[in-house]
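Here is a small set of exercises to work through with the model open in your viewer. Try each task before you read its solution.

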Amino acid sequence: MICTSIQNRTLDEIFAILESGEVEMAEIRLDRCNLAQDEVEELFSSSDVPLIATCRVSEIRASLDDGNTDDRKLDSRASQKAESLLITAIHAGAAYADLEIEAPAMMSKRIRRETRECGTVLIRSYHDFSGTDSLEALKALTEKCFALGADIAKIVVTANDDDDTARVLKLYESFDPGRLVAFAMGEKGRSSRIDCLAKGAPHTYAALNEEEAAAPGQMSTASMRANVYGDRKFIGYPSAEPVQMPCSKSFAQRAIIAAAVSEGVSVLRGYSPCGDNESAIAVARALGAEVTVGLSYASVNVAKDGSALTIKGIGAKRNSLKLNILHTGESGLLTRMMIPLLSVLNDGDIRVTGEKTLTGRPLKGAPEIMSAFGVRLVQVGERASLSAGSSASVANAASEVFVPLDINGSLNAGKASISGVSGSQIISGLLMALPLLDEDTVIELNNPKSIPYLFITMDVMKAFGVKVWCDMEGGEEFAESKDWSDCTAITFHIKGGQAYKAADMDIEGDWSSAANFLVAGAVFGRVELTGLDTKSLQADLSIMDILMEAGASLSQMGDDDPKGLIHVQRAPLSAFEVDAANCPDLFPIVAVLAAFCEGTSRIAGVGRLANKESDRGKAILEMLTKMGVNAKIAGDKLIVEGHSLARRCLTHTLLRGGSYTSHHDHRMVMALRVAGIGADSPIEIDDTQCVAKSFPTFGELFGKLF
């Protein structure tokens, strides 16, 4: 990243610079900008551009020296003022605070505490305007920075010859490049301001123009941008309107089916079409529900813009349907959700069919789980013949059922202990179906996966008048963290004799889709999104936590509005570790993010990827390897060695373009499109039409931004 040093400017002038789109990161020299305390607060609380608050005690001292003040008093006044300005900036939201290692001990301690409490990155800096010390001395100074609490050590010296420059850059061989900003001042050190980025430094410094250089040898931002990025367009900041996210198909599909089985007329606002949602509508109609898209039904008025569904439900009861076959399209969720519901609602056996990638994806765990409630899933078609003629064990064959399949028997209430290791979707179907029985049920779910999706199911059910109670277990770790990943078991208490009742519901925006735009903005420019809820139950809301851990600049308009506009902007990105077992749909785009984060990132949860639209773990590794990214799968973790965008540009290691396969996986298409912004040549994808499964307008919207 190129950080522009801003000095000798008023507040209005600084805002104008930051809003111009010419600055991707800025250092605000509080010691050289005559800003009042309230102006400092306004500046650092209002800007989306990552800002470094810098306030040198020596500079403040010089400005206060009237020639008549005692040196000790002058030192005290200077440190107090510098400390006050820095703390104000930190409290207001400064991304970084820069404090020289010569700062007084008590000031150093207080600034360190404040940065920790406020989540501000602390830079401890050393400057030598006379020359460059020995390599060992430079190493000792760097270690001192870290000993004083630095998140990033900044070592800036003056080069009198090329050896001086080489010596300071050699520090990158001994320290984590992502935590070190080291370069030389002066004409001899001029190139090192760029070379440090090639070594992996999180940022370097430039001036608004060379006449306003904050230190000798500092080049202008425009000149440095040309040297680092050349004429590549991804550095530009788009001026497009905020991007409206499509509705969450996790919510939409559940709500459509709940409305279909309800008594009365439901209105689902915020609907947007995609392949899986259209399949849910087709299923609702097959059940007998009347579905109108974007129009009015009876006395219920709905905007005529396709943004709402009106559904007259069937008031479903046990054995109230007489269907022979039901087609669920390509949706794994819809298929697994309907299996338990059909085993309650249908009077007699029924066949479930599907299409495209769904027919090649085993419904792992479904036979065992359904058998615990008295229902058999029977494979039909070619696979059934192959299974019958093979020597595979019956248990193994039963665990590998695919659509088409037959559902034999009716769901029974009672108490059952089942495993959730194969995922949450069939469990969601059980939660929706069991309340329709007369008797109560208790489910002991061990090793639950994708837990947030279970809570989405219960949230939608509650909106339609059906309630499920649950207790979560996980020992001391879960009691302390309340993290889904630490939960080891859930007990569901399901009261029988309930019925779904019509409801009006707003379908929230989709975080799975948003993740692609957020990563694109965090790595390559800036993006604003609308239609999302930051208090959502969606598992893929985790993308916000992942981006923040990586160092991205994120903000939301309206402090108290969880549905406010979300802004993401480029910032120095570093390696991260995350367990994505509960949000497997994020894996492809998070892998692309990791490729542009300096250092080695580790993403756990690979085991959840085998039965997606593709063998997603294998597909991601294949994609990264072909792009020239050093990556591997070790156990349940995807390990990715990443480099910053600037480093990739300077070392000619941008991702490799060329022909890539999506494996007919909509998530892979979107990840490949984002990766293509940082490729050395166009990325051509064999099948982009499969993106219609979840986000048919993705290509159009993405093309307007990048």
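**Exercise 1. Salt bridges between separate parts of the chain**

Task: Is Glu 210 buried, exposed or partly exposed, and with which residue does Glu 210 form a salt bridge?

Solution. Keep in mind throughout that this is a predicted model.

Step 1. Glu 210 has a relative accessible area of 39%. Buried would mean under 20% and exposed over 50%, so Glu 210 is partly exposed.

Step 2. Look for the charged partner. Glu 210 forms a salt bridge with Arg 190, and their closest N and O atoms are 2.7 Å apart.

Step 3. Place both residues. Glu 210 sits in the loop between β8 (204-207) and α9 (221-229), while Arg 190 sits in the loop between β7 (180-185) and α8 (192-199), so the pair ties together parts that are 20 residues apart in sequence.

**Exercise 2. A pair between two strands**

Task: Which strands hold Arg 269 and Asp 504, and how many Å separate their closest N and O atoms?

Solution.

Step 1. The salt bridge of Arg 269 with Asp 504 has its closest N and O atoms 4.0 Å apart. The criterion asks for a nitrogen within 4 Å of a carboxyl oxygen.

Step 2. Arg 269 belongs to strand β10 (residues 265-269) and Asp 504 to strand β21 (residues 504-506), so this pair ties together parts that are 235 residues apart in sequence.

Step 3. With a relative accessible area of 35%, Arg 269 is partly exposed.

**Exercise 3. A loop-to-loop pair, and a network**

Task: Describe the salt bridge of Lys 322 and Asp 347, then find which residues are joined into one network by salt bridges that share partners.

Solution.

Step 1. The side chains of Lys 322 and Asp 347 meet at 2.8 Å, N to O.

Step 2. Lys 322 is in the loop between β12 (308-312) and β13 (325-327), and Asp 347 is in the loop between α12 (332-345) and β14 (350-353), so the pair ties together parts that are 25 residues apart in sequence.

Step 3. Check the accessibility of each partner. Lys 322 counts as exposed at 65%, whereas Asp 347 is partly exposed, with a relative accessible area of 41%.

Step 4. The network consists of Arg 29, Asp 31, Arg 32 and Glu 59, joined by salt bridges that share partners. The structure holds 31 salt bridges.

**Exercise 4. A four-stranded sheet**

Task: In what order do the four strands of the open sheet with mixed pairing lie, and which are the edge strands?

Solution.

Step 1. The order is β13-β14-β16-β15.

Step 2. The edges are β13 and β15 (376-379), each of which pairs on one side only.

Step 3. Neighbouring strands of this sheet are turned against each other by 25° on average, direction ignored.

Step 4. Zoom in on one pairing. β14 and strand β16 (residues 405-408) run antiparallel and share three bridges. Ile 350 has Ile 407 in β16 as its bridge partner.

**Exercise 5. Enclosed and open spaces**

Task: How many cavities of 30 Å³ or more does the structure have, and what lines the largest pocket?

Solution.

Step 1. The search of the whole structure gives two cavities of 30 Å³ or more.

Step 2. The largest cavity holds about 120 Å³ of space. Of its 14 lining residues, Arg 570, Ala 571, Leu 573, Ser 644 and Leu 645 are the closest to its centre. α19 (511-524) and α23 (645-650) each contribute at least two residues to this lining, which has eleven nonpolar, one polar and two charged residues.

Step 3. The second largest cavity has about 40 Å³ of space. Its lining includes Ser 512, Asp 585 and Arg 667. α19, α21 (587-595) and α24 (666-677) are the elements that give two or more residues to it. By class, the lining divides into four nonpolar, two polar and two charged residues.

Step 4. Turn to the largest pocket, with a volume of about 1300 Å³. Among its 50 lining residues, Ala 95, Gly 119, Gly 551, Ala 552 and Ser 553 are the closest to the centre. β23 gives the largest share of the lining, four residues. The classes are 25 nonpolar, 17 polar and eight charged residues.

Notes
Residues are numbered from 1 along each chain as its sequence is written. This is a predicted model: local features need pLDDT of at least 70, side-chain atom pairs count only at pLDDT 80 or more; totals for chains, interfaces and linings use all residues. Side-chain values use heavy atoms; hydrogens and water are left out. On a 1 Å grid over the protein atoms alone, a cavity is a set of points where a 1.4 Å probe fits but cannot get out, and a pocket is an open set with protein on both sides within 12 Å along at least five of seven lines; lining residues have an atom within 4 Å of a point. Grid points are joined across faces, edges and corners, and a volume is the space filled by probe spheres set on the points. Ala, Val, Leu, Ile, Met, Phe, Trp, Tyr, Cys and Pro count as nonpolar, Asp, Glu, Lys and Arg as charged, and the others, Gly among them, as polar. Buried means under 20% relative accessible area, exposed over 50%, partly exposed in between (1.4 Å probe, protein chains only). Two strands pair if DSSP finds at least two bridges between them. Axes are lines fitted to C-alpha atoms, for helices over the stretch in contact, and angles run from 0 to 180 degrees between N-to-C directions.
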